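Work through the exercises below with the sequence and the 3D view at hand, and try each task before reading its solution.

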Amino acid sequence: MKRAFLPTLLVLLTALTACHKDDPITPVTPAAGRHAYVLSEGEWGNNDAEITLLNLDSGTAVPQWFSAANGRGLGDLAQDLVHYGGKLYCTVYEANTLEVIDPATGKSLRQISMGSRGPRYIACHGGKLYVSCYDKTVVRIDTAQLNIEATCPLSGMQPEQLCVANGALYVCNCWQYNAQNETEFDSTVSVVDLESFREVRKVTVGVNPGRIQPLGDGRLLVLCSGHPYRDDIPGNTAIINTADTSVTRMGTVMTNCAVHNGNVYYYTTTYDASWNPSALFYRADGATLPGTPIITSHSGTLSHAYGINIDPSTGDIYVCNSPARVFADVYCFAPDGSERWHAEAGNFASKVVF
């Protein structure tokens, strides 16, 4: 598991606190309001991946929303969640499934088997889903038929995040185990032509690329983690110009990021000698990285930051703070960095989907 390396719809009835695993799970009929969905990956082997429903108006949460609606959980290690074409799609890595979910009720519409591919991240374009998989492929899924219709082999190491830009799919090639069961790292992004659905080139960006985001102007932001145990191979951020696949390497290190209205919101996590984390948050103009500190009053509180997302309708900033072995909290900040509210989610909450 990679963690080792580190439109307005119906919403909830009332504020609930997090449930323990042995508590009975009762479906909730939501009241009207704005809401979002929080993906909690769960802890490896605990089979406790979950989706929490957030009321964005009141800052309250319905925990175990998916489990309550379906009488079962998502499975082991949920990886990504997207809202596309009126449905939610969730990859569950260890369970090797793609869950198709009704966003109004939380009910599963279909559970697509991914065989032994190890599904990771999702990109959406033209009525299709593109899912990166740890068998070193990307699969294309038709959202009308809800089936896998094509597979594209990749020539890099295990792929992570991916995105679509200028008629191509860009896929981060991240890491793998070698024959000696040692970890080795890639430094490339694969470019897949969407029409032929074939890898056409690779672009060298930096060691251990795992996250990629479009900046909205034909450029892509690529976060490279570097080597987790070697100070001489630090992380970096690269920008790919999709017009000619040229690469600009920045001096900025980003652990995770979100892009909104031409701005990049990101945080950088560092560790002291005892492996205690701390996180610093920034906002940067997408054309002139690096950035200006934000949310400075919460840098200690959010030391276990595990995800950042921006509400596209308000510009509010959402941060998932996910310490190990306790339920995570989701913090909502106004665009100026002041806290609006925070609510509890599941284990290893990693993403807020609007």
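The exercises that follow concern a predicted model, and each solution goes step by step.

**Exercise 1. The chain as a whole**

Task: Find how many helices and strands the chain has, and decide whether the chain is as compact as a globular protein of its length.

Solution: Begin with the secondary structure, where the chain has one helix and 29 strands. Next, take the radius of gyration, which is 19 Å, and set it beside the 20 Å that the globule rule gives for 354 residues; the two values are close, so the chain is as compact as a globular protein of that length. Along the principal axes, the C-alpha atoms fill a box of roughly 50 × 45 × 40 Å. Finally, turn to burial and surface: 54% of the 354 residues count as buried, while the accessible surface comes to about 14,700 Å², with 48% of it belonging to carbon and sulfur atoms.

**Exercise 2. Aromatic rings**

Task: Classify the pair formed by Trp175 and Tyr177, and then do likewise for Tyr266 and Tyr282.

Solution: A search of the whole structure finds 12 aromatic pairs. For Trp175 and Tyr177, the centres are 4.9 Å apart and the planes make an angle of 90 degrees, and this pair is edge-to-face, because an angle over 60 degrees falls in that class. Of its two members, Trp175 is buried at 2% relative accessibility, whereas Tyr177 is partly exposed at 44%. For Tyr266 and Tyr282, the centres are 5.1 Å apart with 20 degrees between the planes, which makes the pair stacked. Tyr266 belongs to strand E22 (residues 263-271) and Tyr282 to strand E23 (residues 277-285), so this pair ties together parts that are 16 residues apart in sequence.

As a last step, look at the surroundings: Trp175 and Tyr177 form one aromatic cluster with Tyr93 and Tyr134, and the charged end of Arg120 sits over the ring of Tyr93, 4.8 Å from its centre.

**Exercise 3. Cysteines**

Task: Explain why Cys174 is not bonded to the closest cysteine sulfur, and state how many disulfides are counted.

Solution: First, recall that a disulfide requires two cysteine sulfur atoms within 2.5 Å. The closest cysteine sulfur to that of Cys174 is in Cys172, at 7.5 Å, which is too far for a bond. Cys174 is also buried, at 0% relative accessibility. Next, consider Cys224, which is in no disulfide either, as its nearest cysteine sulfur, that of Cys172, is 7.2 Å away; Cys224 is buried too, with a relative accessible area of 2%. The count therefore comes to zero disulfides by the cut-off of 2.5 Å.

Terms used
Residues are numbered from 1 along each chain as its sequence is written. This is a predicted model: local features need pLDDT of at least 70, side-chain atom pairs count only at pLDDT 80 or more; totals for chains, interfaces and linings use all residues. Side-chain values use heavy atoms; hydrogens and water are left out. Rings of Phe, Tyr and Trp (its six-membered ring) pair if their centres lie within 6.5 Å; planes under 30 degrees apart count as stacked, over 60 as edge-to-face and the rest as tilted. Buried means under 20% relative accessible area, exposed over 50%, partly exposed in between (1.4 Å probe, protein chains only). Helices (H or I, at least four residues) and strands (E, at least two) are DSSP runs, numbered from the N terminus. A charge sits over a ring if NZ of Lys or CZ of Arg is within 6 Å of the ring centre and within 35 degrees of the ring normal. The radius of gyration is taken over C-alpha atoms; the globule rule is 2.2 Å times the number of residues to the power 0.38. Accessible areas come from the Shrake-Rupley method with a 1.4 Å probe; for residues, only the protein chains shown count as cover.
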